[in-house]
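Please look over the structure shown below with some patience, and keep it in view while reading this report. The text moves from one packed residue to its surroundings, and then to a pair of helices.

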Amino acid sequence: MENQNNFYSVSDLAAKLNVPRTTINDWLKKFDRYIDFEIRGRRKVYTEASLDVLQIISASKDKGQSIAELEKELAAKCAIRPEISTISDEPEENTETQVPENAENLPSLPAPDVLQALQQAFERCGQDLEKHARAQDHIRRRGFLLVAVLLVLLLGAACATLLLLGQLLTLKESSKTLEMRLAASKEETQLLRQNTQKEFKMMAAKVESAGVSGTKAVAALQEKMTAQRKQFDKVLKKLELAEQRREKEFRRLEKELSFRTQENARLKNELAAAVKMISSMEKKLADSQEKYNILQQKNADLNRKNAALEKQNKTLEKKIKDNKKQNNTPVQSAKIEEKQK
């Protein structure tokens, strides 16, 4: 709001002093007897003297002075705003005042206190409307932010669950492949044993037929069988270790899947709670909207009353002027001249 002829609004004072507007309003209420202002339309404007008073208050707050010290400084430097009396001072003379004949029929003018009360009511209604609008915007922003956060959390949990399921399926496939390889290796081992036994029998028959020379062949065959058995044992140990590792990995993935399932259930419960909270917020928003509509209706009623009062004032002023014109007759002017003589 612009200042004109060294008059300032509350926002202008806040900008001049670099202080929040709420603090300025608080100071204006606490130290109102030192504040000089004028009513223009439906708002107050403050003078240069009010700006000086607020500068003194701001400097005192920066120094850390107490309220008593600030009051002393204001009383010493600033003048107290005089109360405007609505009763005019009339000279105590026995002069005859001419009252119009229809003066009793004229309605009484509204006092300045009534107009000031109406203006304060307008200001309070405006402040209430602003508060309700800010509260509605705050509730909407909180609801949207909460829903967005919960959706992001659910999306992350779903992605992690899908990745875990993919790993589990891959592990199952690899486990099946390993089992097939183990079964094939067992079959090969059995075939190897059978072939070894056949060869051993054949060699034994040859040894028996060959006599002493077959002893060396038997020893060689036994060494060969021992080497094959050691190799078989190594392969079997490797397969057993692979099976153990597979089982451990499978159990780990099962535990992780269970944990992810519990986490997903927890997030669903949080989402349900959030939806419930949002519904309650929407209910509060609807209540605040209803209050907002009621305040708007009251504001509209006050505007209509103010317009009616202004219209009544204009009508009364017009009637008073007409009565004055009617009372200024030549006879009355002659009486006034005689009294003056």
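Leaving aside its neighbours within four places in sequence, which residues is Ile24 in contact with? In this model, which is predicted, Ile24 is in contact with Val10, Leu13, Ala14, Leu17 and Val19, once the neighbours within four places in sequence are set aside.

**The nonpolar core**

Ile24 belongs to the largest nonpolar core, which has 22 residues, and Ile24 is listed together with Leu54, Ile57 and Leu74 as having the most contacts inside this core. At least two residues of the core are supplied by each of the four helices α1, α2, α3 and α4, and the largest share, five residues, comes from α3. Apart from this core lies another one, of six residues, including Leu118, Ala121, Phe122 and Leu302.

The four helices that supply the larger core cover these residues:

| Helix | Residues |
|---|---|
| α1 | 10–17 |
| α2 | 21–30 |
| α3 | 48–63 |
| α4 | 67–77 |

**Helix α1**

The buried residues of α1 are Val10, Asp12, Leu13, Ala14 and Leu17, and four of these names, Val10, Leu13, Ala14 and Leu17, also appear among the contacts of Ile24. The buried residues of α1 pack against α2, against the strand β2 (43–46) and against α3. After α1 comes Asn18, whose phi is positive, near 60 degrees.

**How α3 and α4 meet**

Two packed helices are described by the angle between their axes and by the distance between the axes. For α3 and α4, the axes come within 10 Å and cross at roughly 150 degrees. Angles over 145 degrees count as roughly antiparallel, and α3 and α4 are therefore roughly antiparallel to each other. Their crossing is right-handed.

On the α3 side of this meeting are Val53, Ile56, Ile57, Ser60 and Lys61, while Ile67, Leu70, Glu73, Leu74 and Lys77 stand on the α4 side. By class, the contact of α3 with α4 has six nonpolar, one polar and three charged residues.

**Ser60**

Is Ser60, which has its place in helix α3, buried or exposed? Because a residue counts as buried when its relative accessible area is under 20%, Ser60, with a relative accessible area of 2%, is buried. Not counting residues up to four places away in sequence, Ser60 touches Gln65 and Leu70, and Leu70 is one of the α4 residues named in the meeting of α3 with α4.

Definitions and conventions. Residues are numbered from 1 along each chain as its sequence is written. This is a predicted model: local features need pLDDT of at least 70, side-chain atom pairs count only at pLDDT 80 or more; totals for chains, interfaces and linings use all residues. Side-chain values use heavy atoms; hydrogens and water are left out. A nonpolar core is a set of buried Ala, Val, Leu, Ile, Met, Phe, Trp, Tyr and Cys residues joined through side-chain atoms within 4.5 Å. Buried means under 20% relative accessible area, exposed over 50%, partly exposed in between (1.4 Å probe, protein chains only). Contact means heavy atoms within 4.5 Å. Axes are lines fitted to C-alpha atoms, for helices over the stretch in contact, and angles run from 0 to 180 degrees between N-to-C directions. Angles under 35 degrees count as roughly parallel, over 145 as roughly antiparallel, 65 to 115 as roughly perpendicular and the rest as oblique. A crossing is left-handed if the near helix is turned anticlockwise from the far one by less than a right angle, and right-handed if clockwise. Ala, Val, Leu, Ile, Met, Phe, Trp, Tyr, Cys and Pro count as nonpolar, Asp, Glu, Lys and Arg as charged, and the others, Gly among them, as polar.
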